[in-house]
Amino acid sequence: MFHYANLSDFEFELLCRDIMERKIGCPLRCFAPGRDGGVDITETKLSGKHMVQVKHYIDSPYPTLRSSLKKELPKVKQKQPQHYYVCCGKKLTAENISEIYQLFSDYMDDAEAVVDLMEIDRFLHKKENADILEQHYKLWLESTSVLERLCNQNISIDCDAFFYRIEKEQKLFVKTKYYEEGRKLLEKEHMLMLLGDPGVGKTMLTKMLALAFAAGGYRIRYTTNGELSDLKRALSADRERKELIVLDDCLGQHYFKMQETKENELLALVKYIMRNPNKLLIMNSRVTIFHEARERSCDFRYFMEDENIKIRKIEMNGLDEEEKGWIFYNHLYFAGVPEKYYRNVYEDRRYRGIVRHANYTPRLIEFVTKKKNYEQVEADRYAAFIMDCLENPRELWKDEFTRKLGAEDRALLLTLYSLTDTSVEETVLVRAFLKRLSSLEGMDTTRNLYEEALRRLTDSMVQLMEQNGRKRIGVCNPSINDFLKNYIRENPMERANMPAYATEYVQLERICPDCVEDLIRKGQIYRYHFSMLEQMRGKILGVICNREIRDTCHTEFVQAFLKEPGSCYTDKGDKSVEILFALLQEKMDAFYHTRENLERETLEEFLMELDLWDYELIAREAKKTGGEWLFTKYRKSFVRGLQNAVEVYARDVDQSDYYDGFDVNTTVSENTFFDGESLGYDFTGVALEWEERIREEICDEIMEIVEKFPYEIAAQIVYDPGDADISTGLIESYLQDWMPPDDYDDEPGRLVPPGNETAGGVGMLDVIFHGNR
């Protein structure tokens, strides 16, 4: 049986309306309070022939239901319907059904007019009623068992944090027009960007779309804040495997932070999706950051606006009044807001002012329906409290943080923000928090201040989650990060003290990046923890080389790099080649003795790991730093390394990178024909032509790089255009994807079926809020 408790009473009423429409065979509508005379659902033509009374009552005993129905009898007698029905959210015995039928026998044809939960469930399990089940998202989602499989990790990968508390969140979800439109666009175009202001529900919609496609057999791949480095490599090599990639906050949470390399990685990922029809991509970003990214990055603007790439965008800043009302009601219902609080919102239709307020967002509604927050006010001031929050949304966390939290709690929140926008391993947070507390006076070290602060803040401002078996901590609400960002920006002492508070390099980078160079110059940077050795090398060696810093405090670190010159990641990607050549120039060699510490075997291993574009960089850096002597001293090593890079590039080349040079629209148009019944195509000859041109372009590209090296090296590099791994089948598949399907409809679906209209101009807000809670 489906979990009908996941439906609010209003959602259950809509379900009953759809079921009874099919059973009766005529369109039905819902009533608002004060206009129905006690009847929930009736015909759209106002004839009064068919009337339906809905009683959710899923957690109530039968006597309560019976008592409620007896109160309806005088209203039914007044209406005198020809056919009266009762739908209830309880399992009824045959005796119960008979008793209800006897109560309304003058208006019911037989006992089948009493529809209990068992009958509703049987109805929804029939194949011919699958469309009704799918229309009611929560029940349909459950029917796919996707949440159970998600918990067992059979469909999701690295999604623990993303799907944290999903069972609770999916109860709150409203199937808006954005959901319908997003699902259609993903099915047709395979890529979608969701945009909106903070708190409009981008992440929630992303989750629900992901769950919908997971129910269809897609495996979920997830990352946040633009962390793309390992994602593409982790994708299944099987082109038939259905996978959905989720990039949450892909451009950064507070400001555009995508690095140059990540722009290239995102473009490569997009092209991968384009040529693999079984892969889907959902991205979301704050709309202000998206526009900033378009202004600051020409490459980003190009691939987001290029029609050939087909990334469709949905801006979510325009929820309908009905959608807002439904979201508000669901939060009130499932948060268990007491009846006396709900009545204060319901009286005088105060919900209208709340829903229609210019500052309304789902995130703010989540805040005001949390027990910890609404219990701060009396029930008769609940609506006023909500309006105050709407009027001053920026003050939500200020009062909580500055007036209601103790010093340890504030220290924990500031430490958490200094470490992450998302979540961090608890061991790292504890280490950083305890270091910060050690600088505060009057701390009682006999108590476990971390556990006490965490317990006080959990579920109000921070949340605990598990990822890959490790405990992680993050804020409950992104708006807390927004507040803390502004708090630190307006507090120079917080930034000035961070080098003393911090244990992690990321804290310096996030809070006081201007101090990093000075710490490197003084050799104090080694006291901080780095998340990866590659990051540590990139940052420290990058500054040492750029500023030509020569100090004995760095000698050991420099020489360690020369023994294993692996990846050195900086803000602009892997700079290992540039750093190596910079360290080998005369000034640096004179101090650090870099040339004598670089062993031939180590250099050969390093060169064999480089790709073709790294060799282009080598040629440029050698000329810039006077490093051509390396080509003479290690000629055989460079020949072997460059030859390997050429062969690997030819074998692993991404042929879709070369499609941009072709006029795809014209090609498809000229090779598509109509055979009298349907569209046909012949792309075989075109694919062969494209293949030949792509091979020539790859050859030219390779030889252009090879010829930048001295003749003694370049002349020994062997390459044939036929070595490139190019598939005409992939080209044909790519061209076929450009042919529009015959059945696609660009018009997004309606939020709810036509039966939701009400009579007399009564708004849907009044229908939503009339439920008996």
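Four helices, α13 (287–296), α18 (362–368), α21 (396–403) and α25 (478–489), each supply at least two residues to the lining of the second largest pocket. The largest share of that lining comes from α25, which contributes seven residues. In total, 38 residues line the second largest pocket, and those nearest its centre are Pro 198, Pro 393, Arg 394, Ser 479 and Asp 482. The space within the second largest pocket amounts to about 1,200 Å³. These values, like those that follow, refer to a predicted model.

The overall architecture of the protein chain was examined next. The chain contains 42 helices and 18 strands. Its C-alpha trace extends over about 105 × 85 × 40 Å along the principal axes. Of the 773 residues in the protein chain, 53% are buried. When contacts between residues at least 6 apart in sequence are considered, 74% of them join residues at least 24 apart.

Two of the sheets are described here. One is an open sheet of five strands, arranged in the order β1-β2-β3-β4-β5, with mixed pairing. Its edges are formed by β1 (28–30) and β5 (114–115), each of which pairs on one side only. Strand β1 runs antiparallel to β2 (residues 41–43), and three bridges join the two. Within this pair, Cys 30 has Ile 41 of β2 as its bridge partner. Elsewhere on the five-stranded sheet, helix α2 (residues 62–79) lies across β3 (50–55) and β4 (83–88). The direction of α2 makes an angle of about 160° with that of β3.

The other sheet is likewise open. It consists of three strands in the order β12-β14-β13, and the pairing is antiparallel. The edge positions are held by β12 (423–425) and β13 (462–467), which each pair on one side only. With direction ignored, neighbouring strands of this sheet are turned against each other by 30° on average. Strand β12 is joined to β14 (residues 470–475) by three bridges, and the two strands run antiparallel. In this pair, the bridge partner of Val 424 is Ile 473 of β14. Helix α22 (residues 407–419) lies across β12, β13 and β14. Relative to β14, α22 runs at about 105°.

The cysteines were then considered with respect to disulfide formation. The structure holds zero disulfides. For Cys 476, the closest cysteine sulfur is that of Cys 389, and the distance of 16 Å is too far for a bond. Cys 476 is buried, because its relative accessible area is 11%, under the 20% limit for that class. Cys 512 is also in no disulfide, although the sulfur of Cys 515, the nearest cysteine sulfur, is 3.3 Å away. A disulfide requires two cysteine sulfur atoms within 2.5 Å, so the separation of 3.3 Å between the sulfurs of Cys 512 and Cys 515 does not qualify. With a relative accessibility of 10%, Cys 512 likewise counts as buried.

Note on methods: Residues are numbered from 1 along each chain as its sequence is written. This is a predicted model: local features need pLDDT of at least 70, side-chain atom pairs count only at pLDDT 80 or more; totals for chains, interfaces and linings use all residues. Side-chain values use heavy atoms; hydrogens and water are left out. Buried means under 20% relative accessible area, exposed over 50%, partly exposed in between (1.4 Å probe, protein chains only). Two strands pair if DSSP finds at least two bridges between them. Contact means heavy atoms within 4.5 Å. Axes are lines fitted to C-alpha atoms, for helices over the stretch in contact, and angles run from 0 to 180 degrees between N-to-C directions. On a 1 Å grid over the protein atoms alone, a cavity is a set of points where a 1.4 Å probe fits but cannot get out, and a pocket is an open set with protein on both sides within 12 Å along at least five of seven lines; lining residues have an atom within 4 Å of a point. Grid points are joined across faces, edges and corners, and a volume is the space filled by probe spheres set on the points.
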